[in-house]
Structures are given as C-alpha cells and as structure tokens.
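Biologist: I would like to go through this model with you slowly, asking at each step how a label follows from its definition. Could you show it to me before we begin?

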Amino acid sequence: MLVSATEMLQKARDGHYAVGQFNINNLEWTKSILLTAEEMKSPVILGVSEGAGKYMTGFKTVAAMVKAMVETLNITVPVALHLDHGTYEGSKACLEAGFSSIMFDGSHYPIDENVAKTTELVALAHAQGVSVEAEVGSIGGEEDGVVGMGEVADPAECARIAGLGIDFLAAGIGNIHGKYPANWKGLDFDTLDKIHNATGNIPLVLHGGTGIPADMIKKAISLGVSKINVNTECQLSFAAATRAYIEAGKDQQGKGFDPRKLLAPGAEAIKATVREKIELFGSAGKA
C-alpha cells in the first residue's frame, strides 16, 4: 500500500533525519530501491519525473507497477510514490493515476500565478489524501528538461507558499541538479535558516542530493531539511556497473547479452548507492 509522504516527513523533521527520494526509471531501479529500503527498515519516496513517466508508458503504468511490486515483494516500510517537478497538467494526471504524493513545480511562474495553481492542486490532492510539495526559487542545473539557474529562494515567498497548506517545501539554496562543478560555492545556510524560521517548521526538501558533502547534508538536516532527492548518483552507479559488465565480455556465448544478466550489476550498484544514502540521511530503522 502506498502512503502519503506527509507523516514520514513530519517524523523525519521531529527526529532530525531525512527521508531519501530516489527517482525510478524502470522495473530494475524500482525493485532495487524497494528491497534496500526494506532491508534498512527505512521509509522511502519513489520519485518519478514526467519524462520517466512517459518512458514507462504513463503514470497509470508506473502506479500499477509500484503497487504490485510493494505487495509481491512484501514491502512493509512506508512507501510514497511521488511526482517530481510536475507541471500543472502532470500533477492532475498523477492524482488520477493513483500517486500518493505530488510535487507541483510552479517556480517558473510569477508568484501570484504559482500561488493560484498551488492552491487549487492542494485542494484536489488533500481531498484524496495525497501530499503536496511546492517549490520556490528554481533548483540549478537540468533534470529531465527542467532547467534552473540555482536561484536562492526569498524567505517571504517561501512563507507565502507554505501558508497555502502544502505538506513540504523545496526551496532553492544554491543546490543544483546533476554533478556539482568544481567552483560550486556550497549551500546557503543563512538563507536556509531564514526559510526554516519563516515557514512554520514545515518539512523542507533538498533537491540535487548527489555530490553534496556529508557535513553539508547533516547541517541541512539540522535546519529543517527532511527530504533529500537523489537521482544522478544512481544514474552514474548504474551506468558504471553496466559498462564494466559489457567491457568484461561476460555472457556473450555467441548469443548476445541476456538483458536480465546485463542489468543485474547496475541494479546491485543502485542498492549500494541507496544503502549509503539511507545511512547518511539517518533514516535507517525509522520505518
């Protein structure tokens, strides 16, 4: 059974740890993340971008796969299925498809339009018991076609969006999607502290969790960050393990590669990445 992310993130906020959101792209990724969360007894959020949803033939397919996998694998930890950086239309589609959480990314709209659309989606989602994440200040880098310049969010705008009844808030504090450049200045903790104080202790979200030093992760958690998104690191570990398997020339036997064997090393690499992040975020044993 899928659950809203609200309760797990409130517990994380109060317990001073963070729940990992790990984006999924196919069956193998989903299975690896679920099995590792169960092994670690950690709540987990499965993130789905609109591009990944389209690749997997649609949000209804994704929701059906995840629900069936949770049941078949006997997953007992809390699992939320979450739309990542959703459009207005995509958010509505995920509500219809059976997602248990959505992120409406209205950060590119003028603040008044962001407020209006967020208000409508909060009402629709909460009527179905679905949690809502909103964003203020775009996240830097590019993820699945969503481009941001790494803006630092305005605490006053954060307070306005938080007051709309959303369940958790993503606020730009210098974080970016993808790999961090060598000249990255780090997270803006002064702004994070101001946002935390301005938003009534709402659980905060840190996007772009790949490559942020462990000490910065822990400090962000101490300032109200309760959800940390990881995608690029899983992509890199999966690709490296798959490439190594191919270059080793295994499983050829004149018949080509068995796709189940071909994807297995990458799936194991994702398990290792998720295990490492759950330990870092402090959510192990918190289910």
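Modeller: Before we look at how a helix lies across strands, please keep in mind that contact means heavy atoms within 4.5 Å, and also that this is a predicted model.

Biologist: With that cut-off in hand, which strands does helix α1 lie across?

Modeller: Helix α1, residues 6–15, lies across β1, β2, β3, β5, β8 and β10, and its direction is at about 115 degrees to β10. Helix α4, residues 59–72, lies across β2 and β3, running at about 155 degrees to β3.

Biologist: What makes β8 and β9 a pair of strands?

Modeller: Two strands pair if at least two bridges are found between them, and two bridges join β8, residues 168–171, to β9, residues 204–206, so the requirement is met. These two strands run parallel, and Leu169 has Leu204 in β9 as its bridge partner.

Biologist: How many bridges join β2 to β3, and how many join β3 to β4?

Modeller: Six bridges join β2 to β3, while three join β3 to β4, residues 101–104, and since at least two are needed, both count as pairs. Ile45 has Ala80 in β3 as its bridge partner, and Leu83 stands opposite Ile102 in β4.

Biologist: In what order do the strands of the closed barrel run?

Modeller: The eight strands run β1-β2-β3-β4-β5-β8-β9-β10, with parallel pairing, and the twist from one strand to the next averages 25 degrees.

Biologist: Why is β3 called mostly covered?

Modeller: A residue is buried if its relative accessible area is under 20%, and eight of the eight residues of β3 are buried, so the description is justified. Strand β3 also belongs to a right-handed β-α-β unit, together with helix α5, residues 88–97, and β4.

Biologist: Which residues have the most contacts inside the largest nonpolar core?

Modeller: That core has 69 residues, and those with the most contacts inside it are Val48, Val66, Val79, Leu81, Phe99 and Leu206. Helix α4 gives the most to this core, with seven residues. Leaving aside its neighbours within four places in sequence, Val66 is in contact with Leu2, Ile24, Thr30, Leu46 and Leu81. A second, separate core has twelve residues, including Met8, Val19, Ile45 and Val205.

Biologist: What tends to happen to nonpolar side chains in soluble globular proteins?

Modeller: In such proteins, nonpolar side chains tend to be buried together.

Technical notes: Residues numbered from 1 in each chain as written. Predicted model: local features only at pLDDT ≥ 70, side-chain atom pairs only at ≥ 80, totals over all residues. Heavy atoms only, no water. Helix = DSSP H or I, 4+ residues; strand = E, 2+ residues; numbered from the N terminus. Axes fitted to C-alpha atoms, helices over the stretch in contact; angles between N-to-C directions. Buried < 20%, exposed > 50% of the residue type's maximum accessible area, 1.4 Å probe, protein only. Right-handed = clockwise from strand over helix to strand, strands pointing away. Core = buried A, V, L, I, M, F, W, Y, C linked by side-chain atoms within 4.5 Å.
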